[in-house]
Amino acid sequence: MDFLKKNIEWLPVILIAIILGGSFPFKFMDAPITVHIFNVVGEFLGLDFFKSVGAYIIGAAEAVAILLVLFPKTRGLGGLLAVGIMSGAIVFHLFSPLGVTVQWQEGGQMMEDGTLFYTAVVVWLSGFFLFLRNKDQVFGLIGMGSSTD
């Protein structure tokens with residue numbers, strides 16, 4: 001039981017690394033689904049720059065989150081960053097024209113993918129778990145640790 005308790009954090013770390021790591025390359029390849037997503041979100045926000053650079057910004061943030069969760073000393077901060085990134089994804093899936101099931105044109109064919117929303121929820125939950133387990137570490141990193149006065 002001690003082994004499981006000691007190593008339980010690796011499950012959300014692996015989930016975050018696999019999910020964000022799997023979507024990460026698409027942010028930098030101008031994949032049709034990525035272009036569609038960031039065009040829809042940029043249009044919804046009224047931010048033209050987000051259409052052209054949003055994928056790069058989010059991709060870079062996801063890379064940082066992956067790196068942070070891999071190291072025990074920064075795992076909570078990485079979890080918090082993943083929660084922040086995925087909070088945006090979840091909100092846009094639910095409250096923008098993007099929708100839970102993303103539909104886009106690729107090669108003249110209509111495509112759709114309903115997994116992005118659900119994987120965002122898995123990453124959000126995993127990141128929140130890591131943050132909760134390591135919140136003292138996070139507060140210490142940002143200078144809000146408990147004092148022993």
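**Close-ups of the cores, a loop and a surface patch**

**View 1. Phe 44 is partly exposed, at 43% relative accessible area.** On that scale, buried means under 20%, exposed means over 50%, and partly exposed falls in between, using a 1.4 Å probe and protein chains only. Phe 44 sits in helix H3. Helices here are DSSP runs of H or I with at least four residues, strands are E runs of at least two, and both are numbered from the N terminus. This is a predicted model, where local features need pLDDT of at least 70, side-chain atom pairs count only at pLDDT 80 or more, and totals for chains, interfaces and linings use all residues. Residues are numbered from 1 along each chain as its sequence is written, and side-chain values use heavy atoms, leaving out hydrogens and water.

**View 2. Phe 44 belongs to a nonpolar patch on the surface.** Its partners are Phe 28, Leu 45, Leu 47, Phe 49, Val 53, Tyr 56 and Ile 57, and together the patch has about 670 Å² of accessible area. Areas come from the Shrake-Rupley method with a 1.4 Å probe, and for residues only the protein chains shown count as cover. Patch members have over 30% relative accessible area and no salt bridge, with nonpolar side chains (Val, Leu, Ile, Met, Phe, Trp, Tyr) joined within 5 Å and like charges within 9 Å. A salt bridge would be a Lys or Arg side-chain nitrogen within 4 Å of an Asp or Glu carboxyl oxygen. H3 (32-45) and H4 each chip in at least two residues, and H4 gives the most, with 4.

**View 3. Ser 96 is tucked into the loop between H5 and strand S1 (102-106).** Ser 96 counts as buried because its relative accessible area is 10%. Skipping residues up to four places away in sequence, Ser 96 touches Val 40, Phe 44 and Val 91; contact means heavy atoms within 4.5 Å.

**View 4. Ile 58, in helix H4, reaches across to Phe 38.** With residues up to four places away left out, Ile 58 also touches Lys 27, Phe 50 and Ile 85. The C-alpha atoms of Ile 58 and Phe 38 are 10.0 Å apart, with their positions 20 residues apart along the chain. Ile 58 is partly exposed, at 22% relative accessibility.

**View 5. The largest nonpolar core has 14 residues.** Such a core is a set of buried Ala, Val, Leu, Ile, Met, Phe, Trp, Tyr and Cys residues joined through side-chain atoms within 4.5 Å. Ile 16, Leu 20, Val 69, Met 86, Val 123 and Leu 130 touch the most other members. Helices H2 (10-23), H4 (48-70), H5 (75-95) and H6 (115-133) each give two or more residues.
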